[in-house]
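Biologist: Could you take me through one part of this protein up close? I'd like to see how the inside is put together, starting from a single buried spot.

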Amino acid sequence: MNHADGRYLEAKRTVDDRAIDRRVRDRLLDELPDAPQILEAGAGTGATVSRLRDWGITAGEYLGVDRDPDVLELARDRRAAECDGERIDGGFRVDDLTVRFERGDALDVDAERGADLVVAQAFLDLVPITDALDAFAAALKPGGLLYAPITFDGETVFQPDHPADEAVVEAYHDHVDGLPGRDARAGRHLLDRCRERDGDLLAVGASDWVVYPPYPADERAFLATILEFVDDAVAGTDVEADEWLRTRRRQLDAGRLSYVAHGYDVLYRVPDG
C-alpha cells in the first residue's frame, strides 16, 4: 500500500474537504492563538497549508514533516504556486505565514520547537497511537493542541452490493491490522488513549470519506487507488477477490461505484504544565 503517491494525495483533497467535521474545525480555530506555530505529521503534498489559509490562518509558521522526498518536493512546488508564495529555503512565505517542508520521521521531531498545534491528518491509523501521542505531546507547548482529522475507524463500504463484500472488506481490515504499527480501528482507539491521558479531549466528530458518481475533480483516480489498496491486501489470502475486483473496476469505469470509509476528527489539548 503506497499512501505517499502524489497523484493519490492530490486526488483525495476534495474527498478530505467534504469529510472534515466543521464543528471540530471551528473549535480548533477558536482555541488557536494568533500566528500559531504548526507542525504537521505526514504532511504529504501539503494540502493542509491551503486549507489552513482558507480557514483564515494567514500568519505564523508551518512545518510539514514527511519521509518521502518526492512528495515533499511536490508540496513545495504546488503549494507555493497555489498560494502565490515567495519561495524561500525549504518552502515559501505568503502573507505573514512561513511554510517549510522537511524530510524526517514525524515521531522523532525536535521537542524544543514548541508547537501550538500538531496536525495529524489520516495519520494515526498508520503508526502506533501511544507512541505518536507521546511524540506529539513532547513537540507541543504546554496546553498545545493535537488535531487529528480523518482517522480511519474500520468501516468500509462499496456500493452497489456484491456477494463477496463481507469477505473482501474483512480481509482488507485484517491486512491493515497485520502491518507494523497499523490499526484498522484507530479512530475509536485514539479516543480511548486520549481519555486515558491528563489532557482534555475538546471535540470529536465523524469524518467519513464518501465518494459517489458523478466523480468531481480527480476522485475517479482516488477510487482506483483504493481498489489497488484492496487488491494488495487480499493477495495471498484465501479470499476469492478476482471477480469482485473486476466488477468494482468495471463499475468505476462506468461511473457507478460508490465508496464510504468511516473516520473520526479529534481535537485534544495537552496539559498546561
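Modeller: Sure, and keep in mind that this is a predicted model. Let's start with His-173, which has a relative accessible area of 5% and therefore counts as buried, the cut-off being under 20%. His-173 sits in helix α7, residues 165-178. Setting aside neighbours within four places in sequence, His-173 touches Phe-152, Gly-154, Glu-155, Thr-156 and Ala-184.

Now for the nonpolar interior. The largest nonpolar core has 61 residues, and Phe-101, Tyr-147, Phe-158, Trp-209, Phe-222 and Tyr-259 have the most contacts inside it. Helix α9, residues 219-234, gives this core its largest share, with 8 residues. There's also a second, separate core of 27 residues, with Leu-63, Ala-132, Ala-186 and Tyr-268 among them.

Phe-158 is a good one to click on. Again leaving out neighbours within four places in sequence, its contacts include Ile-226, Leu-227, Val-230, Trp-244 and Arg-248, as well as Asp-165, Val-169 and Tyr-259.

That leads to the packing of α9 against helix α10, residues 242-253: their axes are 11 Å apart, at an angle of about 175 degrees. Since that angle is over 145 degrees, α9 is roughly antiparallel to α10. On the α9 side the contact is made by Arg-220, Leu-223, Ala-224, Leu-227, Glu-228, Val-230 and Asp-231, while α10 brings Trp-244, Leu-245, Arg-248, Arg-249, Leu-252 and Asp-253. Sorted by class, this contact has 7 nonpolar and 6 charged residues, and no polar ones.

Definitions and conventions: Residues are numbered from 1 along each chain as its sequence is written. This is a predicted model: local features need pLDDT of at least 70, side-chain atom pairs count only at pLDDT 80 or more; totals for chains, interfaces and linings use all residues. Side-chain values use heavy atoms; hydrogens and water are left out. A nonpolar core is a set of buried Ala, Val, Leu, Ile, Met, Phe, Trp, Tyr and Cys residues joined through side-chain atoms within 4.5 Å. Buried means under 20% relative accessible area, exposed over 50%, partly exposed in between (1.4 Å probe, protein chains only). Helices (H or I, at least four residues) and strands (E, at least two) are DSSP runs, numbered from the N terminus. Contact means heavy atoms within 4.5 Å. Axes are lines fitted to C-alpha atoms, for helices over the stretch in contact, and angles run from 0 to 180 degrees between N-to-C directions. Angles under 35 degrees count as roughly parallel, over 145 as roughly antiparallel, 65 to 115 as roughly perpendicular and the rest as oblique. Ala, Val, Leu, Ile, Met, Phe, Trp, Tyr, Cys and Pro count as nonpolar, Asp, Glu, Lys and Arg as charged, and the others, Gly among them, as polar.
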